[in-house]
Structure formats: C-alpha cells, structure tokens
Amino acid sequence: MNVTLLGSGEMTGVPPMFTDLESIGAERRRRRPGLLVETAAATVMLDVSPDVREQVLEAQIDTLDAAFVTHFHHDHAGGIDDLGLLVPHVGTDVRMTETAISHLRNEREYLVDDIDVETIQHGDQVTVGDLTVVPFPVAHGRPEFDTVGFAVYHEGTKVVYAPDVERFCPDRPAGAEYRDADLLFVEGSPILQEDLYDEIDFVEIVGEAAADRTVLVHVNEFFDGPTETMVETAEEHGFELGQDFETYLG
Ligand SMILES: [Zn+2]
C-alpha cells in the first residue's frame, strides 16, 4: 500500500492569502487536507480539498476509484465541485455521511445529478479493490457535521486518517477504530499550540491512539509557529510533522 499525504495544511492553507512563506516562517507550502492510498488494485482519496486539482496533478493520479469525505467543512470537501464535474468521466465512487450528503444537496444542488453519492455509516467496512475502509466517529462540529475519521486496512497494515478532531469517541460504535494503527495521520494544531484547547490534553489523546508512527497534519505556520519549532515540538512528543506529497508507506 502506498500512502501519500496530499495536504498537511488546515483551513487557510500555507501560506494563507496575502502572506508569503517567509513572513510566516514556513519552509514549504501546505495544501488543504487530503490523503492518497494506492495499491495495485485500488486508488482511494480521503477528503476532497479545495486544492484537489493541484493535488491530483502533482501526485499524478490518473484514476480514482473512490473518494471519502470526513465532513463537509470547506477545507475537507470544497473540491467537490472540481471532482464532481469529472466523476461521470472517471467513475469515482464518492462516499460521505448523511449530514455531509445533506450539505451537498443544499449547497451544491447542481452537482447532485452528476455524483452518485453513497452514504457511509460508522463501522461500515467498505471494500474498494483490495482495500477496506472503515469510517469511525470523531468529535468535531457535531451535530451539524457527523465528522468521521477513516481506518484503511490492507494485508495486515492499518492506516488511520483523522485530520480534524477535538476528541475521539471510543465509546461510540466503531469509535475505537482510531487505535493501534501502523500509521496515523492526526490533527496537529492542539499539540503545536499548547493553549489552543485549555481543557484538553491532546498529546495524551493522541498518545492513547498508540500508533506505531504518528504524523501531525491540519497544521499551519501562520497559527502554529515557524516550521522549525513545529518539527521540534512534534519530535519532543515522538510524533512527526506532515509534509505535502511525501510518501509514508510503500
Ligand atoms: Zn472541520
């Protein structure tokens, strides 16, 4: 299984508009969230960011079997317009939760005829070629957004993608799927900004996920400090800082 990070940034991207890399201490650009998982039999994208066109071209993706959306916030789903127009030609299965589909219907009515969106439920085991994708609930933007993370299984390897979370929900059905991954991509800002959530120890929360390798994403030098400091803070906790278009497995 090849795993490529398509976007390690959060809402505004890096650099945000009206700034430059140098002024915010960023060494490289960060696109909005996305992960590419590829095997010989399947190509899957997790999240469809507003940067999707650039991400697909840069990563040289020439076919896409399925796209899964964590939730319908703009940074995770804003590329649905670009993808939607091409879905009838590429045949991509688009899958999202019921609340995301309802946002799609209300906000992008013109796309509904082009995309045959399928609903995902917590704990579903969705087969795409030789991959199994399992959506699990996380705490973020509820109840308007039933935000999920995804566990992706392939030949005994487990990759977890949970880029936008305040907490995990281990007591809800399938809520413990975030645990015990070989490779975890997880929200990094609350770790890099100590005072972001006063009442939550996010390092402990991510530590409890007990992944072999943890990569922090959904970060932004504009808010989280210069790249160098972000790397140091991540490493202090035994984590890594994500980088766009880096391949993490394969
Ligand atoms: Zn969000």
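Visitor: How are the donor residues of the zinc ion spaced in sequence?
Guide: This is a predicted model, with residues numbered from 1 along each chain, where local features need pLDDT of at least 70 and side-chain atom pairs 80 or more, while totals for chains, interfaces and linings use all residues. Side-chain values use heavy atoms, leaving out hydrogens and water. Donors here are N, O and S atoms within 2.8 Å of the metal (3.2 Å for Na, K and Ca), and sites may look incomplete without water. Written in sequence order, the spacing is H-x1-H-x66-H-x23-D.

Visitor: Which residues hold the zinc ion, and at what distances?
Guide: Three histidines take part: His-71 and His-140 through NE2, and His-73 through ND1. Asp-164 joins them through OD, and the distances run from 2.1 to 2.2 Å.

Visitor: How far apart in sequence are the parts tied together by His-71 and Asp-164?
Guide: His-71 sits in the loop between strand E4 (66–68) and helix H2 (74–77). Helices (H or I, at least four residues) and strands (E, at least two) are DSSP runs, numbered from the N terminus. Asp-164 sits in the loop between strands E10 (157–162) and E11 (167–168), so the pair links parts separated by 93 residues.

Visitor: Is His-71 buried or exposed?
Guide: Buried means under 20% relative accessible area, exposed over 50%, partly exposed in between (1.4 Å probe, protein chains only). His-71 comes out at 1%, so it counts as buried.

Visitor: What about Asp-164: buried or exposed?
Guide: Look at its relative accessible area, which is 7%. That value makes Asp-164 buried.

Visitor: How many residues of strand E9 are buried?
Guide: Strand E9 spans residues 148–154 and is mostly covered. Of its 7 residues, the buried count is 6.
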